[in-house]
Amino acid sequence: MPTIVVEVMPKAVLLDPQGKAVTGALHRLGKSAFSEVRIGKRFELTVDAVDDAVLEEVRVLADEMFSNSVIEDVVSITVLENAGA
Amino acid sequence: MRIGVITFPGSLDDRDAQRAVRLAGAEPVALWHGDHDLHGVDALVLPGGFSYGDYLRCGAIAAHSPIMAEVIGAANSGMPVLGICNGFQMLTEAHLLPGGLIRNDHGNFICRDQGLRVENTDTAWTNVFAANAEITIPLKNGEGGFIADAATIERLEGEGQVVFRYLGVNPNGSVNDIAGVTNERGNVVGLMPHPEHAVEAGFGPDTSAAMRSGVDGLDIFTSAIRSLVSA
């Protein structure tokens, strides 16, 4: 069955405390090639079929529930056909 | 005077809030998140805790609870509404208060007695405080960093919508040391620290007078009663 993937990231201008903690850990391990880590969320919504109405509903949910526009951005909504097949 | 306290799945401080309402001189009314009924209360408290395990975002799932439709309607009609900690997070998620709360900048949960300055004494929940009163009540959260975009912060500061500000070291990275805010009308207030834990001598923060004698939180609840009496 197809899966709709919604990815949400903390706004770029905001401090991302989770990412900052992982960045610190990498640097303590000597992985100095990575100057910054940012951590976001990925929602996978399994549906029977993808059509315009479903995609529109996901766009609304992404803006109104999966993310909070004060602190986060929806960075992508993509469709994976036959995910899990 | 009847003040409702809403219990959500994962609320922890609902009974403490009910006790604070009672000690302030009003009748606490237990309300349930799954109902569409405010049982005729005169004011509302959304208590602290970890509703729905803080999954998705703190307060986000609770903000979509059935009773929130009635809460939003009551808030927009002027009913005093207080959000404490997780309740504050719910009010921002429900767009009843501006801004948002993110993980503390140092990444750790923090629990301590916290000094605050009351910067707006015209709200439904702060009208018995003296201007710029300094109070001490407990603070306990992992995601208490208040943020908003620069234009919103400027508006909040300019319009006096910052109600409480942290004194001393900023405990969580909140912009401008903001601990609590109100809406434009002044009837909806949210704050991260916990006034309901500083309402009875013997169970509050330490003061210079005696251990655990701090009751600075009580006036937040008596303010709501006064605003209802004078309304």
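In this predicted model, the contact between the two chains draws on 9 residues from chain A and 14 residues from chain B. On the chain A side, helix α1 (residues 17-28) gives the most to the surface that touches chain B, chipping in 3 residues. Sorted by class, that side of chain A comes out as 7 nonpolar and 2 polar residues, with no charged ones.

Now for the sheet in chain A. Strands of a sheet pair through backbone hydrogen bonds, and they can do that either parallel or antiparallel. Here the sheet is an open one of 3 strands, ordered β2-β1-β3 in chain A, and the pairing is antiparallel. Strands β2 (41-46) and β3 (72-80) of chain A sit at the edges, each pairing on one side only. From one strand to the next, the twist averages 20°. Strand β1 (residues 3-10) of chain A is joined to β3(A) by 8 bridges, with the two running antiparallel. Picking out one residue, Val5(A) has Thr78(A) in β3(A) as its bridge partner.

Over in chain B, there are 5 helices and 11 strands. The C-alpha trace of chain B spans about 40 × 35 × 35 Å along its principal axes. How does that sit with a compact globule? For 231 residues, such a globule would have a radius of gyration near 17 Å, and chain B, at 16 Å, agrees with that. As for burial, 59% of the 231 residues of chain B count as buried. The contacts in chain B can also be split by sequence separation: taking those between residues at least 6 apart in sequence, 73% join residues at least 24 apart.

Terms used: Residues are numbered from 1 along each chain as its sequence is written. Chains are lettered from A and ligands numbered from 1 in the order in which they are written. This is a predicted model: local features need pLDDT of at least 70, side-chain atom pairs count only at pLDDT 80 or more; totals for chains, interfaces and linings use all residues. Two residues are in contact if their C-beta atoms, placed from the backbone, lie within 7 Å. Helices (H or I, at least four residues) and strands (E, at least two) are DSSP runs, numbered from the N terminus. Ala, Val, Leu, Ile, Met, Phe, Trp, Tyr, Cys and Pro count as nonpolar, Asp, Glu, Lys and Arg as charged, and the others, Gly among them, as polar. Two strands pair if DSSP finds at least two bridges between them. Axes are lines fitted to C-alpha atoms, for helices over the stretch in contact, and angles run from 0 to 180 degrees between N-to-C directions. The radius of gyration is taken over C-alpha atoms; the globule rule is 2.2 Å times the number of residues to the power 0.38. A residue is buried if 20 or more other C-beta atoms lie within 10 Å of its own, exposed if 12 or fewer, and partly exposed in between; C-beta atoms are placed from the backbone.
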